[in-house]
Amino acid sequence: MRCASFSLLLIFAFAAAAPQSAKAQQNDSQKEAFESSEPVQWRYRVTGEKALRPAQMSDDGEKTYLIWDADQALPAVFAVNDIGGEEIVDGYMRDGVFTIDRVYSKLVFRIDRKVAKAVRLLR
């Protein structure tokens, strides 16, 4: 029995690092918005269990941005619908900012029996 012998050479070419994407720039601007002192960024009244309250909360009219302190447990986030029922929100965490792809007038934060609520204030 005879074994064939051969060599294989693989060459990988990688593109150079691309400049910062538009999404990355948007994430940076979201974080900068929290550092801004403009009153338009802080339009929520938050009540209830202090351990569940976001450290920072704002919206840009299209999306809602929430930040919790690093040592806080993240609660489940619910929106209150028109008839008073709660619906879990669809959001994502990126670079420490929980982003909800819309703006709700009322949000509820829950862990076990602990509850906090946020109400968007009218200007």
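**Chain overview.** I counted the secondary structure of the protein chain first and found 1 helix and 9 strands. I was working from a predicted model. Read along the sequence, the elements run α-β-β-β-β-β-β-β-β-β. I looked up burial next: 28% of the 123 residues count as buried. For the surface I noted about 9200 Å² exposed, with carbon and sulfur atoms supplying 52% of it. I also checked how far contacts reach along the sequence. Of those between residues at least 6 apart, 52% join residues at least 24 apart.

**Sheet.** I traced an open sheet of 4 strands and wrote down the order β2-β3-β7-β6, with antiparallel pairing. The edges are β2, residues 56–59, and β6, residues 91–94, and each of them pairs on one side only. Ignoring direction, I have neighbouring strands turned by 20 degrees against each other on average. I then took one pair inside this order, β3 (residues 64–67) with β7 (residues 97–100), and found 3 bridges in the antiparallel sense. In that pair I located Tyr 65, which stands opposite Thr 99 of β7.

**Gln 72.** I went to the loop between β3 and β4 (76–80), where Gln 72 sits. Is Gln 72 buried or exposed? I have Gln 72 as buried, because its relative accessible area is 17% and the cut-off for buried is under 20%. I followed its side chain to two backbone partners. A polar atom of the Gln 72 side chain lies 2.9 Å from the backbone oxygen of Arg 53. The side chain of Gln 72 also reaches the backbone nitrogen of Asp 69, at 2.7 Å. Setting aside neighbours within four places in sequence, I listed the contacts of Gln 72 as Lys 50, Ala 51, Leu 52, Arg 53 and Ala 55. Arg 53 therefore appears twice in my notes on Gln 72, through its backbone oxygen and in the list of contacts, where heavy atoms lie within 4.5 Å.

**Arg 43.** I looked at a second loop residue, Arg 43, placed between α1 (22–35) and β1 (44–48). I entered Arg 43 as buried because its relative accessibility is 7%, against the limit of under 20%. Which residue does the Arg 43 side chain join in a polar contact of 2.4 Å? I found the side chain of Asp 59 there. I also took the C-alpha to C-alpha distance from Arg 43 to Met 57: 8.0 Å in space, with their positions 14 residues apart in sequence numbering. Met 57 and Asp 59 both fall in the range of edge strand β2 (56–59).

Technical notes
Residues are numbered from 1 along each chain as its sequence is written. This is a predicted model: local features need pLDDT of at least 70, side-chain atom pairs count only at pLDDT 80 or more; totals for chains, interfaces and linings use all residues. Side-chain values use heavy atoms; hydrogens and water are left out. Two strands pair if DSSP finds at least two bridges between them. Helices (H or I, at least four residues) and strands (E, at least two) are DSSP runs, numbered from the N terminus. Axes are lines fitted to C-alpha atoms, for helices over the stretch in contact, and angles run from 0 to 180 degrees between N-to-C directions. Buried means under 20% relative accessible area, exposed over 50%, partly exposed in between (1.4 Å probe, protein chains only). A polar contact is a pair of N or O atoms within 3.5 Å; within protein, one must be able to donate a hydrogen and the other to accept it, and residues adjacent in sequence count only if both atoms are side-chain atoms. Accessible areas come from the Shrake-Rupley method with a 1.4 Å probe; for residues, only the protein chains shown count as cover.
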